[in-house]
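Me: Please take one part of this model, the packing between its helices, and describe it closely. Then follow the connections from there to the bound ligands, and finish with the small sheets and the unusual backbone geometry.

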Amino acid sequence: MDQKQYKRKIYLEDKPRIEARDELLAAFDLPSQKEWTKVEEALGRVTAEPVFATESMPHYHASAMDGIAVQAADTYGAHEQSPLRLALGEQFAYVDTGNAIPPQYNAVIMIENVNVIDDQTLEIIEPATPWQHIRPIGEDIVQEEMIFPQGHKLRPADLGSLLAARITEVEVFKKPAVAIIPTGNELIEVTEKPQSGKIIEFNGTVFANFVKEWGGEPHLSGIVKDEPEKIKEALLNAAENADIVVINAGSSAGSKDFTVHIIHEIGEVFTHGVAARPGKPVILGKINGKPVVGVPGYPVSAYLALEWFVRPLVCKYLQIPEPKRQTVQVKLGRRIVSTMGQEDFIRVNIGYVNGQYVANPLTRAAGVTMSYVRADGLLIVPTNVLGYEQGELAEAELLRPLEEVDSSIVFSGSHDLTIDLLSSQIKRNRNDMKIISSHVGSMAGLLAILKGEAHVAGIHLLDPETKEYNLSYVKKLLDGMDIVLYPFLKRKQGWFVPEGNPLGIESVKDMAEKKAHFVNRQRGAGTRILFDLLLKEAELTPDNITGYSREMFSHLSVAAEIKGNPEAVGLGIYPAARAMGLSFVPIADEEYDLVMTKDFFESEKGKMLISVIQSDDFRQNVEKIGGYKVVTGAVPKIG
Ligand SMILES: Nc1nc2c(c(=O)[nH]1)N[C@H]1C(S)=C(S)[C@@H](COP(=O)(O)OP(=O)(O)OC[C@H]3O[C@@H](n4cnc5c(N)ncnc54)[C@H](O)[C@@H]3O)O[C@H]1N2
Ligand code: MOO
């Protein structure tokens, strides 16, 4: 077929997400198939019919204790002042927990409460009441009783009750077969070496595992090329064999985005585009009576769209309600802007600081898988809300258990590679603790401490007047607060230049003269302040620097920018240059310190943080990186 016949469709709808979902669900009955499965293998399966007990549990009167079985009436005279003697075989029998009670007896006395007189005789000082310490027939499960209704998702303990009731197989809903078709000429298998323009296929595996988690049975196909015939064939085949069809990528307006046209041609399209981001260009339709969900290519868009539309289909098939996430009220650490008429799904880090949950948004780029991986929660900005101001309250859905959020140390300020090491070392000591960090620059870190939105800030701020690091900034910005300035690292700052330093850059002057392409850091970053000081000392201005206005948010992104450009130069710390294989010209040893409130410093989390910083393990790991020294023996400045 001629590819040109599929014209680009540029305009997508903005259908409300819930309306699109409800339409999709309403269009399919999804008649669930049933099957029998062994109880031992039934974890997570959903009962298709009510389940009735085949046997009672216990199915005989059983002793609940180790002791003696008696006829309660025989014991009524026993008293502390007049102990009663019982004869073996006539008035009592020995029983252990779980033993059947001989038919002539109706109570059990615990062994601790009897005195052995001889082989044949015992003495008791308290009467027994009928049925004491006996588990009567059916105490747990009564034969013919309904153990589970239909539509119950089986948990480990449920399987035990089924076996106890002598049930070996249980009738469950078949797992809906979900065909997953990754498409794209740019996709390669992870085992292939990626050339420029090639992307490792991974969405398929993520989808398959989401589907498994939700109770479906994924069928992940190989990569399908962006060719209408191939896509059509894959779709028809999937619609023949699966209950639900998911096709990935080619959902938008690109020159090779055929999917919507093909579904339209061989089936029906209900929706192309929903008013939610990321995930907007989703396609919902039908082929051969089966639901088809065209999920956008960008991973985060894809994961969300899958949850919005495939999870409800799986749940409908299994006749179970969709699971809901726990929510928590958060205070916004940063402003969030949203578009009117569209929902925004913002991935956020959440920490518990000063008695409230504080959320900081992660990147919104839909291609950044780590924004989803690192997120503690999802903050959904509703359609009719334009966003939130910093400090405003909003609700977030949790992607992790709340306890994990509670025990995190919230780190803000300047980015440093050692913070990740610190976090993993803390986690090694206390598996419920970790650091969550947002890299906002030194100044913003101090402001986060000021506003009570972070526990710790990492800063490296050179005072151009005093040439001293950090202290004057803390005094000025956090005046009046009980603050601890904790000396942490000395690290090497220097020029990042392409390998071999082709332009021979040693100073700001060299940069200006050789018209090197500078890659700057954002305003407020310590490195930016250092650069501006160097500029002033060299009696130059930003106008003398090519690229001064080009701002990056971390040392690593500066290094990445310099990598491919022989005329580029940046300023940053040694390990970032090393990580990208750049040459490094050291110019200064800077002090990277930690700022925290005195309250935090003295808290359990604060003590853990300091003890890890001071440990030999941590110091050795940091110094192994190169370009670092952990400050030891320095006295924190408190006040
Ligand atoms: N002019 C416009 N361009 C785009 C629009 C738009 O409205 N107008 N929408 C953007 C949005 S929003 C999204 S989301 C994406 C959706 O793109 P497609 O569904 O067409 O997907 P591709 O362009 O093929 O891929 C996007 C991206 O994702 C990577 N990808 C795809 N499949 C996989 C996979 N199986 N595993 C890993 N990564 C995958 C792909 O390589 C691309 O990098 O369109 C915007 N554009
Ligand atoms: O809506 Mo796309 O899905 O931005 O990322």
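**Helix packing and what lies around it**

Reply: In this predicted model, helix α9 (residues 417–429) and helix α18 (residues 616–625) have axes that come within 10 Å and cross at roughly 150 degrees. An angle over 145 degrees counts as roughly antiparallel, so α9 and α18 are roughly antiparallel to each other. Their crossing is right-handed. On the α9 side the contact is made by L417, T418, L421, L422 and Q425, and on the α18 side by D617, F618, N621, V622 and I625. By class, this contact of α9 with α18 consists of six nonpolar residues, three polar and one charged.

Helix α9 also packs against helix α17 (residues 604–613), with the axes 10 Å apart and an angle of about 110 degrees. Since 65 to 115 degrees is the range taken as roughly perpendicular, α9 is roughly perpendicular to α17. The crossing of α9 and α17 is again right-handed. Here L422, Q425, I426 and N429 of α9 meet M608, L609, V612 and I613 of α17. This contact holds six nonpolar and two polar residues, with no charged residue. L422 and Q425 therefore serve in both contacts of α9, the one with α18 and the one with α17.

Another helix pair leads to a ligand. The axes of α3 and α6 come within 10 Å and cross at roughly 30 degrees. With angles under 35 degrees counted as roughly parallel, α3 and α6 are roughly parallel to each other. α3 passes α6 in a right-handed crossing. The contact brings N203, V206, F207, F210, V211 and W214 of α3 against P299, A302, Y303, L306, V310, R311, V314 and C315 of α6. Sorted by class, the contact of α3 with α6 has 12 nonpolar residues, one polar and one charged.

N203, part of the contact with α6, is also among the closest residues to ligand 1, along with A249, S251, S252 and G297. The shell around ligand 1 comprises 28 residues. The elements that give two or more residues to this shell are α3 (203–214) and α6 (299–318). Its make-up is 13 nonpolar, 11 polar and four charged residues.

Ligand 2 is surrounded by R277, P278, G279, K280, P281, P296, Y298, S301 and A366. Five of these shell residues are nonpolar, two are polar and two are charged. R277 and P278, both in the shell around ligand 2, are joined by a cis peptide bond with omega near -10 degrees. P278 sits in the loop between β19 (276–277) and β20 (283–287).

A further cis peptide bond joins M57 and P58, with omega about -10 degrees. P58 is found in the loop between β2 (51–52) and β3 (62–63). Most peptide bonds are trans, and most residues other than glycine have a negative phi. H133 has phi near 55 degrees, a positive value in a residue other than glycine. The loop between β9 and β10 (134–135) contains H133.

β9 belongs to an open sheet of three strands, in the order β5-β9-β8, with antiparallel pairing. β5 (84–87) and β8 (114–118) stand at its edges, each with a single partner strand, so one side of each has no neighbour in the sheet. Direction ignored, neighbouring strands here are turned by 30 degrees against each other on average. β8 and strand β9 (residues 121–124) pair over four bridges; V116 has L122 of β9 as its bridge partner.

Three strands also form an open antiparallel sheet in the order β6-β4-β7. Its edge strands, β6 (92–95) and β7 (107–110), each pair on one side only. The average turn between neighbouring strands in this sheet is 35 degrees, direction ignored. Strand β4 (residues 67–70) and β6 are linked by four antiparallel bridges, and I68 has Y94 of β6 as its bridge partner.

Methods. Residues are numbered from 1 along each chain as its sequence is written. Chains are lettered from A and ligands numbered from 1 in the order in which they are written. This is a predicted model: local features need pLDDT of at least 70, side-chain atom pairs count only at pLDDT 80 or more; totals for chains, interfaces and linings use all residues. A residue is near a molecule or strand if its C-beta atom, placed from the backbone, lies within 6 Å of it. Ala, Val, Leu, Ile, Met, Phe, Trp, Tyr, Cys and Pro count as nonpolar, Asp, Glu, Lys and Arg as charged, and the others, Gly among them, as polar. Axes are lines fitted to C-alpha atoms, for helices over the stretch in contact, and angles run from 0 to 180 degrees between N-to-C directions. A crossing is left-handed if the near helix is turned anticlockwise from the far one by less than a right angle, and right-handed if clockwise. Two residues are in contact if their C-beta atoms, placed from the backbone, lie within 7 Å. Two strands pair if DSSP finds at least two bridges between them.
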